[in-house]
Amino acid sequence: AAGIYNTSLLNCYSTCDVNGTSNIGGMVGYCELSTVINCHSSGNVTHSINNIGGDIGGFVGKCIGSSLSKNYSAGNVIATGGTSTGIYNGGFVGMAESFYFDPYQPNEITDCYSSGNVNGGYYTCGFVGYNYISLGSSMISNCYSRGVISGEGTLLPFAGTNNNDGSINNNFYDADVDGLA
């Protein structure tokens, strides 16, 4: 899906390759105030335009005030074209953020994993490129990433920027495969 708002996705999958310019994901590009449970994606996600930012993830590109639980992504994330291309790249989610207007809905990612490789520009991370709190909370717990991380910008094994005390607990990445150990 290109985007979902105030929706639930349950027990579904996507095998399609996705190519785009902003908020690109293997299952959903943009996810706001929604719930996604027991779903998976296996297609590759690609962004290849210079100087155009966007959030790119193997499962969801940008996730705001939503709940992702018991999901996985197996496709590769590929953002080429320099360090400004693909602002935040993650094997599972490009950018995770709490909802910034009343009712300040938290963003929660639990019991999920990604196994695809991630190649990108600006921030390239094994699981989430950016965990951000504007108001409320943004939590990542009991998650796992396994894949080779490569690119031209900042490379991190699990999560990139964790802004305003976002919660990242009980997660792990496979140091034997990620290329950063």
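The legends below describe close-up views of a predicted model.

**View 1. Cysteines C31 and C63, and the absence of disulfides.** A disulfide is a covalent bond between the sulfur atoms of two cysteines. In this predicted model the count of disulfides comes to zero. C31 is in no disulfide, and the nearest cysteine sulfur, which belongs to C63, is 4.4 Å away. Because a disulfide requires the two sulfur atoms to be within 2.5 Å, a separation of 4.4 Å between the sulfurs of C31 and C63 does not qualify. As for its surroundings, C31 is buried, with a relative accessible area of 0%. C16, another residue to find in the model, has a relative accessibility of 47% and therefore counts as partly exposed.

**View 2. Strand β17 with strands β12 and β22.** Strand β17 covers residues 107–110, and strand β12, made up of residues 67–69, runs parallel to β17 and is joined to β17 by three bridges. On another pairing, β17 meets strand β22, which spans residues 138–141, and these two strands also pair in the parallel sense, here over four bridges. T110 of β17 is a useful residue to follow through this view, since T110 stands opposite S69 and has S141 as its bridge partner in β22.

**View 3. The salt bridge between D55 and K62.** Side chains of opposite charge can pair when their charged atoms come close. The structure holds two salt bridges, and one of them is formed by D55 with K62, where the closest N and O atoms are 3.9 Å apart. That separation falls inside the limit of 4 Å that is used for a salt bridge. D55 is buried, its relative accessible area being 6%, and K62, at 19% relative accessibility, counts as buried as well.

**View 4. The salt bridge between R146 and D174.** R146 forms a salt bridge with D174, and the closest N and O atoms of this pair are 3.3 Å apart. The pair links distant parts of the chain, with R146 placed in the loop between β23 (144–145) and β24 (149–151), and D174 in the segment after β28 (172–173), so that the two residues are 28 residues apart. How does the accessibility of R146 class this residue, as buried or partly exposed? At 39% relative accessibility, R146 counts as partly exposed, whereas D174, at 19% relative accessibility, counts as buried.

Notes:
Residues are numbered from 1 along each chain as its sequence is written. This is a predicted model: local features need pLDDT of at least 70, side-chain atom pairs count only at pLDDT 80 or more; totals for chains, interfaces and linings use all residues. Side-chain values use heavy atoms; hydrogens and water are left out. Buried means under 20% relative accessible area, exposed over 50%, partly exposed in between (1.4 Å probe, protein chains only). Two strands pair if DSSP finds at least two bridges between them. A salt bridge is a side-chain nitrogen of Lys or Arg within 4 Å of a carboxyl oxygen of Asp or Glu.
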